[in-house]
Amino acid sequence: MKWRDPEDEYSLRPNLKREDVQKIQEWISKQPHLPKISELETILFLHSCYYSLEQAKKTIDIYYTIRTHSPEFFAKRDTSASEILDMMEIQ
């Protein structure tokens with residue numbers, strides 16, 4: 001999968017505003033528990049929240065909180081682990 005350049009996103013998405021992306025990135029910089037994310041990641045969060053600033057902020061916060069507290073959902077997934085295989089057999 002080839003990722004787009006943020007400039008492509010701005011030209012393809014009329015509802016996407018640079019000011020909104022900047023506002024979210026400023027907000028993230030003031031949140032000590034959140035990592036710095038790229039402009040493209042910010043754009044994708046905004047797009048997935050229908051360009052709602054408040055909803056995008058909530059989504060970013062929840063995503064990184066869950067990622068911190070439940071890393072097993074995001075990394076080192078062993079699909080051959082017995083627990084996973086048992087769950088896949090449940091019908």
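At what angle do helix 2 and helix 3 pack, and how far apart are their axes? The angle is about 105°, and the axes lie 10 Å apart. Here axes are lines fitted to C-alpha atoms, for helices over the stretch in contact, and angles run from 0 to 180 degrees between N-to-C directions. That makes helix 2 roughly perpendicular to helix 3, since the label covers 65 to 115 degrees, with under 35 counting as roughly parallel, over 145 as roughly antiparallel and the rest as oblique. The helices themselves are DSSP runs (H or I, at least four residues), numbered from the N terminus.

Before going further, a word on what you're looking at. This is a predicted model, in which local features need pLDDT of at least 70 and side-chain atom pairs count only at pLDDT 80 or more, while totals for chains, interfaces and linings use all residues. Residues are numbered from 1 along each chain as its sequence is written, and side-chain values use heavy atoms, leaving out hydrogens and water. As for pLDDT, that's the predictor's confidence in each residue, from 0 to 100. The protein's mean is 89, with 96% of its residues at 70 or more. Among the elements, helix 2 has the highest mean pLDDT (98), and helix 5 (residues 82-89) has the lowest (78). Where pLDDT is low, the predicted coordinates should not be read in detail.

Back to the place where helix 2 and helix 3 meet. Helix 2 brings Asp 20, Val 21, Ile 24 and Gln 25, and helix 3 answers with Glu 39, Thr 42, Ile 43 and Leu 46; contact means heavy atoms within 4.5 Å. Take Val 21, which is buried at a relative accessible area of 1%. Buried means under 20% relative accessible area, exposed over 50%, and partly exposed in between (1.4 Å probe, protein chains only). Not counting residues up to four places away in sequence, Val 21 touches Tyr 10, Leu 16, Glu 39, Thr 42, Ile 43 and Leu 46. Lys 23 also sits in helix 2, but this one is partly exposed at 48%. Its C-alpha atom is 8.3 Å from that of Leu 53, although the two are 30 residues apart along the chain.

Now for the inside. A nonpolar core is a set of buried Ala, Val, Leu, Ile, Met, Phe, Trp, Tyr and Cys residues joined through side-chain atoms within 4.5 Å. The largest one here has 16 residues, and those with the most contacts inside it are Leu 16, Ile 28, Leu 46 and Ile 60. Helix 2 (18-29), helix 3 (39-48) and helix 4 (53-69) each supply at least two residues of this core, and helix 2 gives the most, with 4. For a sense of how one of these residues is surrounded, try Ile 60: leaving aside neighbours within four places in sequence, Ile 60 is in contact with Ile 24, Trp 27, Ile 28, Leu 34, Ile 37 and Phe 45.

On to the charged pairs. Side chains of opposite charge can pair when their charged atoms come close. Counting a salt bridge as a side-chain nitrogen of Lys or Arg within 4 Å of a carboxyl oxygen of Asp or Glu, a search of the whole structure finds 4. One of them joins Arg 18 and Glu 7, at 2.6 Å from N to O. Arg 18 lies in helix 2 and Glu 7 in helix 1 (residues 6-12), so the pair ties together parts that are 11 residues apart in sequence. Both ends are partly exposed, Arg 18 at 36% and Glu 7 at 41%. Arg 13 and Glu 9 make another salt bridge, at 2.5 Å; here Arg 13 is partly exposed at 21%, whereas Glu 9 is buried at 4%. Those two also belong to a salt-bridge network with Arg 4. Then there's Glu 54 with Lys 57, whose closest N and O atoms are 3.4 Å apart. These residues are 3 apart in helix 4, so about one helical turn separates them, and Lys 57 is buried at 18%.

Last stop: the loop between helix 3 and helix 4, home to Tyr 50 and Tyr 51. Most residues other than glycine have a negative phi, and most peptide bonds are trans. Tyr 50, though, has a positive phi near 55°, and Tyr 51 has a positive one near 65°. Their surroundings contrast as well: Tyr 50 is exposed at 74%, while Tyr 51 is buried at 17%.
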